[in-house]
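User: I would like a close look at one part of this structure, followed by an account of the surroundings in which that part sits. Please give each cut-off where its term first comes up.

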Amino acid sequence: MRRESLVPFLLILPTLVYLMVFIGYPIVGTFQLSFTSDEGWLGNFKYIFSSKDFQNAFLNTLILGAVIIPIQFILAILFALLVNRKWRGYRTLLYIIAAPLALSDVTAALISYSIFAPNGYLNKILLSLNWIERPLYFFGYMFKSREFLVIVLTEVWRATPLVFVILLAGLQSINTEYLEAADVFGFSSWKKFFKITLPLLKPSIVSALLIRTLFAFQIFGVVWLLAGRDIPVLAGETFYWYVLRNNRHVASTYALMIAVLTFIVGWFYIGTIRSKHLEEGVRQ
């Protein structure tokens with residue numbers, strides 16, 4: 001084999017080694033642990049499917065995703081359209097919107113707790129204004145609906161910038177000649193958005209929704225710190241069984257279910273939300 005032909009393989013070798021060691025090996029180990037049980041190779045799956053905890057965690061994960069993702073997408077596309085106009089002071093708004101990207105989910109959860117705790121900033125402000133007589137409680141098993149609201153607010157504030165950045169990049173990549181031609185033909189702002197901007201933005205929308213949905217199904221830090229097992233989610237149950245119950249087999253089964261769920265959602269996005277010009281390019 002010629003020396004020049006070895007160069008591409010040598011360049012990708014570090015990446016292949018990294019994928020095999022840090023991704024491939026854990027995946028193989030997860031499969032082995034998931035299908036290893038005293039009750040047969042499907043024993044762990046039978047156990048979690050019959051468990052009320054798994055049913056609640058699965059349902060809560062879906063509900064959180066169904067609530068958070070549409071809110072984030074609507075806010076992100078509105079902010080992206082606003083910033084893309086490049087009006088005076090738009091850079092300041094851009095920095096304010098993108099600032100939460102620097103925060104981890106643990107940091108965001110702690111900030112939310114400092115706001116909504118019984119002795120937090122929100123209660124202090126409301127008490128000082130005499131709008132309430134006693135502190136409002138947002139955390140605890142008796143206040144799960146309020147916990148859910150705080151989790152949604154925290155996730156929307158923390159993760160919306162990720163969707164915003166992707167959509168803004170997509171908007172800035174659209175050729176302005178299309179919009180100028182639409183102005184010549186007398187298109188209204190709404191017609192330009194739905195007939196030109198939105199179709200050309202579809203690749204960015206698919207990427208943003210795909211990434212955000214995959215992360216939503218893996219939500220853990222915010223829920224665990226703010227609600228614990230009051231609002232169980234799949235990633236939280238994985239942590240619970242691995243760390244607190246010291247059962248790697250059930251924990252691996254939960255992890256595998258998260259992987260299967262994210263794979264199905266990813267396949268759905270890629271297979272159903274696809275821009276027409278990309279499809280035509282593939283056919284050619």
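Is Asn60 buried or exposed, and why does it count that way?

Analyst: Asn60 counts as buried because its relative accessible area is 18%, and buried here means under 20% relative accessible area, with exposed being over 50% and partly exposed in between (1.4 Å probe, protein chains only). The model is a predicted one, in which local features need pLDDT of at least 70 and side-chain atom pairs count only at pLDDT 80 or more, whereas totals for chains, interfaces and linings use all residues. Residues are numbered from 1 along each chain as its sequence is written, and side-chain values use heavy atoms, with hydrogens and water left out.

Asn60 belongs to helix 3, where helices are DSSP runs (H or I, at least four residues; strands are E, at least two) numbered from the N terminus. With neighbours within four places in sequence set aside, Asn60 is in contact with Ile231, Pro232 and Val233, a contact being heavy atoms within 4.5 Å. One of these partners, Val233, is also part of a nonpolar core, as described below.

For the wider setting, the protein has 13 helices and zero strands, and its C-alpha trace spans about 80 × 70 × 35 Å along the principal axes. Of its 284 residues, 35% count as buried. Among contacts between residues at least 6 apart in sequence, 68% join residues at least 24 apart.

A nonpolar core is a set of buried Ala, Val, Leu, Ile, Met, Phe, Trp, Tyr and Cys residues joined through side-chain atoms within 4.5 Å. The largest one has 39 residues, and Phe164, Leu167, Leu234 and Tyr254 have the most contacts inside it. Helix 3 (52-84) is among the elements that each supply at least two residues of this core, and others include helix 7 (144-172), helix 9 (189-217) and helix 12 (248-272). The greatest contribution comes from helix 12, with nine residues. A second, separate core of 17 residues includes Val233, together with Phe116, Phe139 and Val156. Within the largest core, Phe164 touches Ala76, Phe79, Ala80, Val83, Leu94 and Ile97, not counting residues up to four places away in sequence.

Helix 3 also takes part in a pocket. On a 1 Å grid over the protein atoms alone, a cavity is a set of points where a 1.4 Å probe fits but cannot get out, while a pocket is an open set with protein on both sides within 12 Å along at least five of seven lines, and lining residues have an atom within 4 Å of a point. Grid points are joined across faces, edges and corners, and a volume is the space filled by probe spheres set on the points. The largest pocket holds about 650 Å³ of space. It is lined by 17 residues, of which Leu81, Asn84, Arg85, Leu179 and Thr197 are the closest to its centre. Helix 3, helix 7, helix 8 (176-184) and helix 9 each give two or more residues to this lining, which divides into nine nonpolar, five polar and three charged residues; here Ala, Val, Leu, Ile, Met, Phe, Trp, Tyr, Cys and Pro count as nonpolar, Asp, Glu, Lys and Arg as charged, and the others, Gly among them, as polar.

In the loop between helix 3 and helix 4 lies Lys86, which has a positive phi of about 55° although it is not a glycine. Most residues other than glycine have a negative phi.

Aromatic residues complete the picture. Rings of Phe, Tyr and Trp (its six-membered ring) pair if their centres lie within 6.5 Å, and planes under 30 degrees apart count as stacked, over 60 as edge-to-face and the rest as tilted. By this rule there are 18 aromatic pairs. In one of them, the rings of Tyr113 and Phe139 have centres 5.1 Å apart and planes at 35°, so the pair is tilted. This pair links distant parts of the chain, 26 residues apart, with Tyr113 in helix 5 (residues 105-116) and Phe139 in the loop between helix 6 (121-128) and helix 7. Tyr113 is partly exposed, at 41% relative accessibility, whereas Phe139, a member of the second core, is buried at 15%. Finally, Tyr254, named above for its contacts in the largest core, joins Phe31, Phe35, Trp41, Phe45, Phe49, Phe54 and Phe58 in one aromatic cluster.
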